[in-house]
Amino acid sequence: MQLTYADFPYLSTLLLTCVGGLLAILFTPAHRIREIKWISAVFSGITMLVSIYIFLAYDKSLGGFQFVEKLEWVPMLGISYFNGVDGFSVPMLLLTGIVFFTGVLTMWEHDYRVKEFFALIFLLVSGVFGMFITLDLFFVFIWFDVSLFPMYLLIAVWGSTRKEYGAMKLTLYLLAGSALILPGIIYLVAGSGLNTFNILALMEPGLFTAAQQKFVFFLFYIGFGILAGVWPFHTWSPVGHVAAPTAVSMIHAGVLMKIGAFGILRLGMFICPEGWQFWAPLMALLATVGIVYGAFVGLSQTDVKYVIGYSSVSHMGIVGLGLATMSVDGLNGAIFQMFAHGVMTALFFSSVGYIYDKTHTKAIAELGGLLKSMPVATSYFIIAALTGIGVPCLASFWAELMVFISAFKVYPIYGTLAIAALAVTALFMLRVVQKVCYGPEDERWAGLPDVSPGLGIPRMILVSVIVLFGLFPSLMFDMIQTASIPFLSRLP
Amino acid sequence: MNFILFQPELFGLFMSGVFLCLSLARPNSKRDFFTALALSAVGIAVCLAGLRLEGGLFYGAYRVDLFSQVFKTLLFMGLFLVICICSELKGIAERLHSEFYLLLTVCTLAMMMLVSSVHLLTIYVALELSSYSLYILVFLRKREDYGIDAGIKYFLIGATASAVMLFGFALLYGATQAAYVGEMLQVLPGLMDRPLVVIGLFLTLSGFLFKLAVFPFHFWAPDVYEGAPNQVTAYIASASKVGAIAILIRMVSLTGGNSEFLVHALVALAIITMTVGNLAAIVQKDLKRLLAYSSVAQAGYILIGILSMSAAGYTGAIFYALALLLMKFTAFLVVVKVAYDGKNISVDQLAGLHRRSPLLAMALMLSLFGLAGIPPTIGFTGKLLLFTAAMKQGYFTLVLIAMINVVISLYYYLLVIKAAYLTAPVGEQPDLEITPPMKLLTGTLVTVMVVVGIYPTLFLDLAEKAARMLVL
């Protein structure tokens, strides 16, 4: 595996910007709400710019891990502060930067316990960034949990609809996942006999027997799969999304669920490739069930946020299906889908969040004819729905196309089922759009203010990202290929 | 005889002497508090100065090495921390304040001797001295608020455990013809297949398991935690656990890892202890009782490191002793501050804490996350060390069960955090007055818990060297 060391610690800059933002917020008096919001916007903006820079500066002809930083941390245990990004993680960094910045801007009108809210968001996002860049198992677990535990308070304090139940369920589910991941990590470290937590060192072929790899991969698959919303461990996800406030839903569905899939990739597939090959049929099965199940359950929901929550289960199933194909196209599609779904869901939740803030209802039956009173807000909503359906020229289309093509080759039956489910997804998305946006205008919603240009900025950014990568998918595919082709060629 | 080796204990003796004299003078709680604070701070410095000492005393019955000196420092640190929260001893009558400090010091001194003892007789004497001080400390609470049943229960179970332990000593002595731990170390590993030795060892260990509140000796914990003055509970939960961990490590390391039966028994005890502790904690309404059951569960985690019987396991246990000291103390600091009238508090009474004192709420949250083992806190790093050591010995199932326990425990910790952060208080609650020194202490504890959790190298090296003393 080729390592290119960084001349400037860009990856640590990402982390330190988050920590710096956190400290800046903590030392600002709680009543200075405006200043806190500006601090949040500036620091999250910096992380977005740095992540864009990393995306552009990553040398695709060179491939391998770049921007590598390494520092001995606890030599006695073989723990090192070891960061680096490859074609798999660079898109995730970009996604995190975008969703983070737009999420902060979306909460511009938020005014309840502002200081704590933004402090927890910064803590959460620093965990997410850390998870995507680290190459050391010790830090994987640290960042994983740092990104999870602020969720409890974020949902329980600022949420809506059954928030305490949703928060507790989500936290316990996700930590049950980490209860499988930690023994897996320790098993690998203790079993290798190398006294190291370094992922790249543990990737050495022949270090673990096939039986060990199968065992550990299963632990990682279930552990991270809970976070990735793999059926049947997804039940926390719609409840949690519905209960969470807008920015948290955006970050959670947009980025946090990707950590789960990314964990399966980085830990499970990288370290235990034979386990991956063994369990791939199961992954494909569960993913297909998730796709079909999410679509059908989404069809019968009466709450807009539940619809999005279940569509997330369905869309994350596509990621799982792509990973299970064990082919370049499948991996490319899966990673692209993670990116596209992240941006799409963020847009979805941010537009629904706006509508909820104004109408104070999420029930599909009560909404209607919003296109007349809020043309701009509903446009964002419709664009998000179209992306979710997979309309060409929008980012999701390419991702889903690649996954389905490769799934057809490997698992013809699952592939057919998944495409059939897509038609159902289209049906329920369009049904929601029809009920919410069109139809007779309800006089209760007449005269409600539309999205102002300032509040439109985050949504505009998300829409432009969707369109940009929908028109030029090669921007993303070229990047992912630098990692997926070498990765698959190394497999036994 | 080289008195330099004995300097931390001599200082402890001097400090108890001071309070013995003060207890004869007119009661003055301010004077007692500041004297105790100053003396215990000096005590930490004395212990640190003696960290590198090595040697034997009293015809080899007393051993000074890095292992014992690290624990002595931890113990004095625990004493200092507990004294820090004694500025308002509302739970104890003012005329008894000097006695309170006297007993606290004597108890610490006894435990310092315990960690250095390598002869059955000194071990017994030191253990009893510390136990008797604690029995009285538990009784000190104002009678009108709480009855004396906690003290009686503690005393009866404690005395029984000592008797059982003494019987174990006798059996061990009969089997090995040795009373020096060092000599036993030579003989015991070869005799581990003899039932007499195994039973003797078990009965011996039960005395220490009682101190650590391991199943089936944990029944005293919730009642004593509830019935003792808050500061005393803080001491029992933090410093006294450190002493128990130390002596347990030393005794178990005697066997040289040669007894499968002992390991299996300890595995069973560890699993039952943490499961019982965590399940019982879920239904507790009183915060001190909840923390008592959480202590029981923590004892189970520590056993995992000890039963690994390797240098890595002992390192983990030593590290976890520090972690437990800090985490439990921080939790009790919040208890003491919120219960400003010296009474017990229920979990519900934490409602609105985040508004009354954001700092205390944050400290409580971090200490509870640490106890649950959530990174990036010191509790996670400690658990990682313990679990890694167990995994290296091949105890995968044990680690998995421990992790499941972690998830169970998270449920009740989250309920406490929910009370502190979410639940709206009934009626108006005044802001809590926290003095600047107390703010500094809380801030320092929070920082140390996080920093040592992320960057454990310094203390880890020390713990590792100390553990090497035991495995030769």
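Select A:M326 in this predicted model. A:M326 sits in the loop that links α12 (304-324) to α13 (328-359) of chain A. Check the backbone: phi is near 55 degrees, a positive value in a residue other than glycine. Buried, or partly exposed? Count the C-beta atoms within 10 Å of A:M326: there are 19 others, and buried needs 20 or more, so A:M326 is partly exposed.

Now go to chain B and pick B:M309. This methionine lies in the loop between α13 (287-307) and α14 of chain B. Phi of B:M309 is near 50 degrees, again positive and again not in a glycine. With 24 C-beta neighbours inside 10 Å, B:M309 counts as buried.

Step back along the chain to α13(B), the helix that B:M309 follows. Select its 21 residues. From first C-alpha to last, α13(B) reaches 30 Å, close to the 30 Å expected at 1.5 Å a residue. How many of the residues of α13(B) are buried? The count is 21 of the 21, so the helix is largely enclosed by the rest of the structure.

**Chain B as a whole**

Show chain B alone. Expect 20 helices and 2 strands. Along the principal axes, its C-alpha atoms fill a box of roughly 65 × 55 × 40 Å. The radius of gyration is 21 Å. A compact globule of 472 residues would have a value near 23 Å, which agrees. Colour by burial next: 58% of the 472 residues of chain B count as buried. Then draw a contact map. Take the contacts in chain B with a separation of 6 or more; residues 24 or more positions apart account for 81% of them.

**Two cis peptide bonds**

Stay in chain B and zoom to B:P375 and B:P376. The peptide bond from B:P375 to B:P376 is cis, with omega near 0 degrees. B:P376 is placed in the loop between α16 (358-372) and α17 of chain B.

Jump to chain A for another cis bond. This one runs from A:W231 to A:P232, with omega near 5 degrees. Where is A:P232? Look in the loop between α8 (210-227) and α9 (236-243) of chain A.

**The N-terminal part of chain A**

Select α1, residues 10-26 of chain A. What end-to-end distance should its 17 residues give? At 1.5 Å a residue, the span should be 24 Å; the end C-alpha atoms are 24 Å apart, which agrees.

Show side chains on its buried residues. They are A:Y10, A:L11, A:L14, A:L15, A:T17, A:C18, A:G21, A:L22 and A:I25. Next, add what covers them. The cover includes α2 (33-57), β2 (65-74), β3 (79-85) and α4 (114-133) of chain A.

Follow that cover to the two strands. β2(A) and β3(A) pair in the antiparallel sense over 6 bridges. Select A:E72 and A:S80 to see one bridge: A:S80, in β3(A), is the partner of A:E72. Between the strands of this hairpin are 4 residues. Pick A:G78 in the hairpin: phi is positive, near 75 degrees. Colour β3(A) by burial as well. The strand is mostly covered, with 6 of its 7 residues buried.

**The nonpolar core**

Bring both chains back. Nonpolar side chains tend to be buried together in soluble globular proteins. The largest nonpolar core here has 382 residues. Which residues have the most contacts inside this core? They are A:V343 and A:L347. Helix α14 (residues 311-338) of chain B gives the core its largest share, 21 residues.

Centre on A:L347. Hide its neighbours within four places in sequence. The contacts that remain are A:Y380, A:I383, A:A384, A:R459, A:L462, A:V463 and A:I466.

**Where the chains meet**

Finish at the contact between the chains. Select 26 residues from chain B and 23 residues from chain A. On the side of chain B that touches chain A, three elements give two or more residues: α17 (378-392), α18 (396-421) and α20 (457-468). Which of the elements gives the largest share? That is α18(B), with 12 residues. Colour this side of chain B by class to end the tour. It has 20 nonpolar, 2 polar and 4 charged residues.

Definitions and conventions:
Residues numbered from 1 in each chain as written. Chains lettered and ligands numbered in written order. Predicted model: local features only at pLDDT ≥ 70, side-chain atom pairs only at ≥ 80, totals over all residues. Contact = placed C-beta atoms within 7 Å. Nonpolar A, V, L, I, M, F, W, Y, C, P; charged D, E, K, R; others polar. Expected span 1.5 Å × (residues − 1). Buried ≥ 20, exposed ≤ 12 C-beta atoms within 10 Å, placed from the backbone. Pairing = 2+ DSSP bridges. Rg over C-alpha atoms; globule rule 2.2 N^0.38 Å. Core = buried A, V, L, I, M, F, W, Y, C linked by C-beta atoms within 7 Å.
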